[in-house]
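Welcome, and please have your viewer ready. We will go from stop to stop, with something to select at each one.

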Amino acid sequence: MNADMNKALVRLGYSREWIDSGIISGDLLLQQYNEIQTSDDPNAEHYRHGAFLNYIRSRDALSDEEIDNIFALTDCGPDGEDLRLNRIIELIRSDLLTTEQFGELANRSEVHQPPADKVYTRHEILRAIDERGLAETFERVKQTQDSWVHERVLEHPDLAGEHVGWLAQNGANKRIRNVAKQLSESRRFR
């Protein structure tokens with residue numbers, strides 16, 4: 001690795017793992033380095049976050065090794081920002097993981113740290129609904145007070161009268177309860 005690349009790694013806060021794992025290329029590293037020198041945005045964490053998002057968006061799937069590489073990434077920037085949990089959240093949201101890979105995330109301690117824990121639980125419930133159906137997983141929905149989950153349930157094609165009734169009484173916020181109450185009065189759910 002040449003001196004310019006080393007300077008770029010230090011200035012942008014990348015560890016060597018970013019390059020070694022292929023999450024960022026040498027060309028992109030140098031491009032970002034040139035950009036940050038003249039940009040109105042001197043925040044290195046923005047460049048790291050953008051590079052990670054580009055990597056995730058460029059993928060159709062991830063191998064187990066690539067997932068391990070993502071968890072091994074560190075931030076060593078002058079900004080002092082640790083974006084590890086942000087990367088984990090983006091990984092969870094990405095829909096790149098197989099059912100097995102998603103389940104294996106539960107074995108990683110980082111997934112159980114706020115705010116990643118909430119995002120993981122949210123997506124775990126939605127995956128269960130997709131795989132086993134709303135009727136079979138509605139007890140899990142009842143156990144969460146996550147308005148994001150409740151809103152997705154209201155939009156689900158398998159929504160039934162019993163679900164609407166429960167959400168009208170117990171929805172996570174007033175808007176959800178009101179929407180569920182209106183739905184319960186419609187012909188579809190009478």
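In which helix does aspartate 68 lie? Select the residue and you will land in helix α5. Keep in mind along the way that this is a predicted model.

**Stop 1: α5, starting from aspartate 68**

With aspartate 68 highlighted, look at its surroundings: the residue is partly exposed, at 39% relative accessibility. Now add serine 21 to the selection. The two residues are 47 places apart along the chain, and their C-alpha atoms are separated by 9.8 Å.

Next, widen the selection to the whole of α5, residues 64-72. The buried residues to colour here are Glu66, Ile67, Ile70 and Phe71. They lie on the same side of α5, because the arc they cover around the axis is only 145°. A rule of helix geometry is worth recalling here: with 3.6 residues a turn, positions three or four places apart in an α-helix point the same way. To see what the buried residues of α5 pack against, show α4 (44-57), α6 (84-93) and α7 (99-104).

**Stop 2: threonine 74, in the loop that follows**

Move on to threonine 74, which you will find in the loop between α5 and α6. Is threonine 74 buried, exposed or partly exposed? Its relative accessibility is 31%, so it counts as partly exposed.

Select serine 15 as well and draw a distance between the C-alpha atoms: it comes to 5.9 Å, although 59 residues of chain lie between one position and the other. Serine 15 is also one of the residues that threonine 74 touches. Leaving aside residues up to four places away in sequence, the contacts of threonine 74 are Gly13, Ser15, Glu17, Trp18, Arg84 and Arg87.

**Stop 3: α6**

Arg87 leads us to α6, where it is among the buried residues. Select the helix and colour the others too: Leu85, Ile88, Ile89, Glu90, Leu91 and Ile92. Because seven of the 10 residues of α6 are buried, this helix is largely enclosed by the rest of the structure. Turn on its neighbours to see the packing: the buried residues of α6 pack against α2 (16-20), α4, α5, α7 and α8.

**Stop 4: α4 beside α6**

Hide everything but α4 and α6. How far apart are their axes, and at what angle do the helices pack? The axes are 11 Å apart and the angle is about 20°, and α4 and α6 are therefore roughly parallel to each other. The crossing of α4 past α6 is right-handed. For the contact itself, show the side chains of His49, Phe52, Leu53 and Ile56 on α4, together with Arg87, Glu90 and Leu91 on α6. By type, these contact residues comprise four nonpolar, one polar and two charged.

**Stop 5: α4 beside α3**

Keep α4 on screen and bring in α3, residues 26-38. Here the axes come within 11 Å and cross at roughly 150°, which means that α3 is roughly antiparallel to α4. This crossing, too, is right-handed. On the α3 side, the contact is made by Leu28, Gln32, Glu35 and Ile36; on the α4 side, by Ala44, Tyr47 and Ala51. These residues divide into five nonpolar, one polar and one charged.

**Stop 6: two backbone details**

Before visiting these two spots, recall that most residues other than glycine have a negative phi, and that most peptide bonds are trans.

Go first to aspartate 95, in the loop between α6 and α7. This residue is not a glycine, yet its phi is positive, about 60°. Aspartate 95 counts as exposed because its relative accessible area is 60%.

Then select proline 114 and proline 115, which are joined by a cis peptide bond with omega about 0°. Proline 115 sits in the loop between α7 and α8 (116-132).

**Last stop: histidine 123**

Finish in helix α8 with histidine 123. Is histidine 123 buried or exposed? With 14% relative accessibility, it counts as buried. Show the residues around it to close the tour: beyond those up to four places away in sequence, histidine 123 touches Ile92, Arg93, Phe102 and Trp148. You have already met one of these partners, since Ile92 is among the buried residues of α6.

Definitions and conventions: Residues numbered from 1 in each chain as written. Predicted model: local features only at pLDDT ≥ 70, side-chain atom pairs only at ≥ 80, totals over all residues. Heavy atoms only, no water. Buried < 20%, exposed > 50% of the residue type's maximum accessible area, 1.4 Å probe, protein only. Helix = DSSP H or I, 4+ residues; strand = E, 2+ residues; numbered from the N terminus. Arc of directions from axis to C-beta. Contact = heavy atoms within 4.5 Å. Axes fitted to C-alpha atoms, helices over the stretch in contact; angles between N-to-C directions. Parallel < 35°, antiparallel > 145°, perpendicular 65-115°, else oblique. Left-handed = near helix turned anticlockwise from the far one by under 90°. Nonpolar A, V, L, I, M, F, W, Y, C, P; charged D, E, K, R; others polar.
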